[in-house]
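Thank you for sending this entry; my comments follow as numbered points, to be read with the coordinates open.

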Amino acid sequence: DVSEEKLEKIWNHKMILVIDQKELLMGEADKHNLKKTAWTRNTAIVDIATNYIILDITLFGLRMNIEVGDTVSSMLKEGYDNLGKMLEHEDIDVLTSV
């Protein structure tokens, strides 16, 4: 329930581009800051950035009352199937399915 105007005052704009879940280009996109960017193929950093994008899309969906499940699901890497099952309280053995 925070207004867009209040968020704009504290939230620095960023650009995050994940390519094929293998490469990342990320940088500042705020008009008041110097523009610095980073590029990497580091899997851990690419995964963190992808999860950041997923969180942003999820929060946008909640804020705008828009269903984003299909979009978010398509961005998940293999192995995340069990996450949905756990959230739905289905019985799964995570250790044996990994």
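Which pattern does the chain follow when it is read along the sequence?

1. The model is predicted, and the chain in it follows the pattern α-β-β-β-α-α-α-α along the sequence, with five helices and three strands in total.

2. As to the chain as a whole, 14% of its 98 residues count as buried, and its accessible surface comes to about 8200 Å², of which carbon and sulfur atoms contribute 58%. Among the contacts with a separation of 6 or more, 29% are between residues 24 or more positions apart.

3. Strand 1 (residues 14-19) and strand 2 (residues 23-28) run antiparallel and are joined by six bridges, with E23 in strand 2 serving as the bridge partner of I19. Three residues lie between the strands of this hairpin, where D20 adopts a positive phi near 55°.

4. Strand 2 also pairs with strand 3, again in the antiparallel sense, over four bridges; here L24 has T40 as its bridge partner in strand 3.

5. T40 deserves a separate comment. This residue lies in strand 3, which spans residues 37-40, and T40 counts as buried because its relative accessibility is 18%, whereas the cut-off is under 20%. Leaving aside residues up to four places away in sequence, T40 touches K22, E23, L24, I45 and V46, and of these L24 is its bridge partner. The side chain of T40 also reaches the backbone nitrogen of N42, at 2.9 Å.

Conventions. Residues are numbered from 1 along each chain as its sequence is written. This is a predicted model: local features need pLDDT of at least 70, side-chain atom pairs count only at pLDDT 80 or more; totals for chains, interfaces and linings use all residues. Side-chain values use heavy atoms; hydrogens and water are left out. Helices (H or I, at least four residues) and strands (E, at least two) are DSSP runs, numbered from the N terminus. Buried means under 20% relative accessible area, exposed over 50%, partly exposed in between (1.4 Å probe, protein chains only). Contact means heavy atoms within 4.5 Å. Accessible areas come from the Shrake-Rupley method with a 1.4 Å probe; for residues, only the protein chains shown count as cover. A polar contact is a pair of N or O atoms within 3.5 Å; within protein, one must be able to donate a hydrogen and the other to accept it, and residues adjacent in sequence count only if both atoms are side-chain atoms. Two strands pair if DSSP finds at least two bridges between them.
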